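User: I am new to this structure and would like to learn how to read it. Could we take it one feature at a time?

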Amino acid sequence: MSNSTSGLEAIRDVLGTNGYIDTMPELDAYQNEWRGLWKGQCDLVAKPNSVEQVSKVLAICYEHGIPVVPQGGNTGLVGGGVPKSGIVLSTERLNKVREIDPVNFTISCDSGCVLADIQTQAENVDRLFPLSLGAEGSCRIGGNLSTNAGGVQVLRYGNARDLVLGLEAVLPDGRIWDGMRGLRKDNTGYDLKHLFIGAEGTLGIITGAVLKLFPKPRQKETCIVAFRSVENCIALFTRMNAQAGDALTAYEAMNQLSVEMPVKHGQGIRDPFEKPYPWYALMELTSPRDGTDLREALESVLGQAFEDDIVIDGVIAESGAQRDDFWRIREMIPECQAPEGASIKNDVSIPISRVSEFINRAHEAVEKVVPGIRFVSFGHIGDGNFHYNLSQPLGADRAAFLAKWHDITDPINEIVHALNGSFSAEHGIGQLKRNELLRYRSGVEIDLMKSVKAALDPNGIMNPGKIFNS
Amino acid sequence: MKVLVAVKRVVDYNVKIRVNADQTAVETANVKMSMNPFDEIAVEEGIRLKEAGKADELVVVSVGPVQAQETIRTALAMGADRGILVETDVQVEPLAVAKCLKALVEKEAPDLVIVGKQAIDDDSNQTGQMLSALLGWSQGTFASNLDLGDGTLKVTREVDGGLETVALKMPAIVTTDLRLNEPRYASLPNIMKAKKKPIDVTNPGDLGVDVTPRLTVVKVEEPTKRQAGVIVADVAQLVDKLRNEAKVI
């Protein structure tokens, strides 16, 4: 029996018959990326149901040199959860909320809790867990933390990293680090939790977290406004930010095509306007106070912007159902790109003041590479994060378009770099952006990262081939 | 032709309903309120009749607290011409609303009254029918289509067996069902315009209507929680559970 075979046997013994998968076709859902961009391979999917089981499985893998790919909801966009060999460790059975403390404004949970379930639990005690993104119905909090997910409310509440007070992680050798402290102030040496957050499972496996809760908004005003240009879209953001401040929780820009696609392909989605406009913004204001002051503030700023010809049309949600309609448009964009053929996604961030310059320069550069390419540009413009997605030209060959991936993304990344932006705002590195990391981050930065990796995962079993090439 | 539409301010459809502490009513303090969705459909139908040139004026009425003006304002932003609030802090029952509407119909003399088939808070499904009886007007309830001809109105109704079409003599009352139309969003320019549209405020007393509740609420409680299901291992266990636990076979 080979080293790895005996290791797998030991893992099966630890987990019991319901605790693993090692046959097709069930393996497939864990081996492959959901859009079909990466196909992977693994010998087994471990589904531990306790931290102790995670610890035992990792200790076995450490001893036998079996690669471990941690996986939550498998909703990542850069191939970070796709295995090349070894095992996938799925957190799906680590799905209990351990404690919810409305007085301390915290929730402690296992890392396999689905994001939407955490939101609901918080809501049940009149609190808000603000992390919110398109995949929230299936992504799991461990994955959100491992990738330092962003989403639609970063503008007001920060990234996943900003929402964590305490963490529990299992190290590659099986040791459990219990840092489940729900403290807002805790200056006691290196802040280790931040090593694991955003590490994409390359340093250990997050098994639990203490998360921050916020007061639940009582007023919520949501609208979609239309603009002639991206410049005006940013001008309104600036005004709104200056006048509404903390109340402005989301500001999502969408170009014409990124609204047309969900309207065309998304079930039950309708165009909020009678005619198309070049740019739109989905904007939301919230406040924990009672009353109608937000609506008045919103109407006042929008009214003025309308008179100043910055905004040319708009719709304001008059009910929760209409608010859901508006958000559905935004959330369905990535999915509704699929029926339009191949797409290349660029998750970049740029200083807000330079977003329009970026768009103009990138459009020009990309048009040269693939004439007729379609720009599906949208994103959390309020925090400078832009999803500069590109759909293949109508009727073009899918494979031929995808073959130009780097010809298209390289000039975009160059422009992003020139404008002091980032080539990966919220999706991470995974397998997709390893070369960009080497290209755009300094030698010192890479050395530091590699030292951390070597110190925590000396055998290199944790999610190998992600972030770095080896 | 003049159309009158009634709208009710209710707890928003997306809000999770809670019973208040003393179990006398549903909690409405600090809860988002919106226009009853069936009434939105009624407003939309009125606007479409106007846009089709079949109606000249669309008047929106609400019976309720001062905040119901916001609901009327929403209807005005969708495209109604003016509003009337019958202001009262009493929890009005369908008969009281129907009587208020009757008084306004006599004053405003519309040719057609459109109301939602029911409000999603109390689910009474009575106001339209009561108004029809009080006025002696014809009624077309649960409408999924309206076809307005010369002096007649064909209403397609959603009934258990399928669709039924009735021809009504005008003036008439119509109550709306879900599939009648898809209400539009209130656009920014129209929201601004709506601020200048008039809302008259009156009250039940001025209309000669006594809105004192005739029903006494004994107790309000949440439905019993549904037990979680179990997955049975095989047919034998299923049959056993049906026979010995559920006692249905």
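User: Which residue forms a salt bridge with Arg270(A), and how far apart are the closest N and O atoms?

Analyst: This is a predicted model, so every value here is computed from predicted coordinates. The partner of Arg270(A) is Glu182(B), and their closest N and O atoms are 3.2 Å apart. That pair links the two chains, and the count between chain B and chain A is two salt bridges.

User: How many residue pairs are in polar contact between chain B and chain A?

Analyst: There are 12 such pairs, counting those with both residues at pLDDT 80 or more. On the side of chain B that touches chain A, at least two residues each come from helix H2 (68–78), strand S11 (186–187) and helix H5 (188–194). H5(B) gives the most, with four residues. By type, that side of chain B has nine charged, seven nonpolar and five polar residues.

User: How is the size of an interface described?

Analyst: The size of an interface is often given as the accessible area lost when the parts come together. Here, chain B and chain A bury about 2,000 Å² between them, and 51% of this lies on carbon and sulfur atoms. In chain B, the residues that lose the most area to chain A are Asn30(B), Tyr185(B) and Leu188(B), together 35% of what that side buries. As for residue numbers, chain A brings 25 residues to the contact and chain B brings 21.

User: Which strand of chain A is joined to S11(B), and by how many bridges?

Analyst: Strand S15 (residues 313–316) of chain A is joined to S11(B) by two bridges, and the strands run antiparallel. To find the pairing in the view, start from Val315(A), which stands opposite Ser187(B) in S11(B).

User: Is Ser34(B) buried or exposed?

Analyst: A residue is called buried when its relative accessible area is under 20%. Ser34(B) has a value of 5%, so Ser34(B) is buried. Ser34(B) sits in strand S3 (residues 33–35) of chain B. The side chain of Ser34(B) also makes a polar contact with the side chain of Asp12(B), at 2.4 Å. Leaving aside neighbours within four places in sequence, the residues in contact with Ser34(B) include Glu318(A), Ser319(A) and Gly320(A), as well as Lys8(B) and Val10(B).

User: Where in chain A is Val82(A)?

Analyst: Val82(A) is in the loop between strand S3 (68–71) and strand S4 (87–90) of chain A. A loop position can still be checked for burial, and Val82(A) counts as buried because its relative accessibility is 3%. Beyond its neighbours within four places in sequence, Val82(A) is in contact with residues including Trp38(A), Val69(A), Gln431(A) and Lys466(A). Val82(A) and Val68(A) are 14 residues apart in sequence, while their C-alpha atoms are 10 Å apart in space.

User: What is the relative accessible area of Thr249(A)?

Analyst: It is 0% for Thr249(A), which means that Thr249(A) is buried. Thr249(A) lies in strand S13 (residues 248–255) of chain A. Setting aside neighbours within four places in sequence, its contacts include Val152(A), Leu155(A), Tyr157(A), Leu285(A) and Thr286(A).

User: How many helices and strands does chain B have?

Analyst: Chain B has six helices and 12 strands. Of the 249 residues in chain B, 44% are buried. Among contacts in chain B with a separation of 6 or more, 70% come from residues 24 or more positions apart. Along the principal axes, the C-alpha atoms of chain B fill a box of roughly 70 × 45 × 40 Å.

Technical notes:
Residues are numbered from 1 along each chain as its sequence is written. Chains are lettered from A and ligands numbered from 1 in the order in which they are written. Side-chain values use heavy atoms; hydrogens and water are left out. Buried means under 20% relative accessible area, exposed over 50%, partly exposed in between (1.4 Å probe, protein chains only). Contact means heavy atoms within 4.5 Å. Buried area is the accessible area (1.4 Å probe) that two parts lose on being put together, summed over both. A salt bridge is a side-chain nitrogen of Lys or Arg within 4 Å of a carboxyl oxygen of Asp or Glu. A polar contact is a pair of N or O atoms within 3.5 Å; within protein, one must be able to donate a hydrogen and the other to accept it, and residues adjacent in sequence count only if both atoms are side-chain atoms. Ala, Val, Leu, Ile, Met, Phe, Trp, Tyr, Cys and Pro count as nonpolar, Asp, Glu, Lys and Arg as charged, and the others, Gly among them, as polar. Two strands pair if DSSP finds at least two bridges between them.
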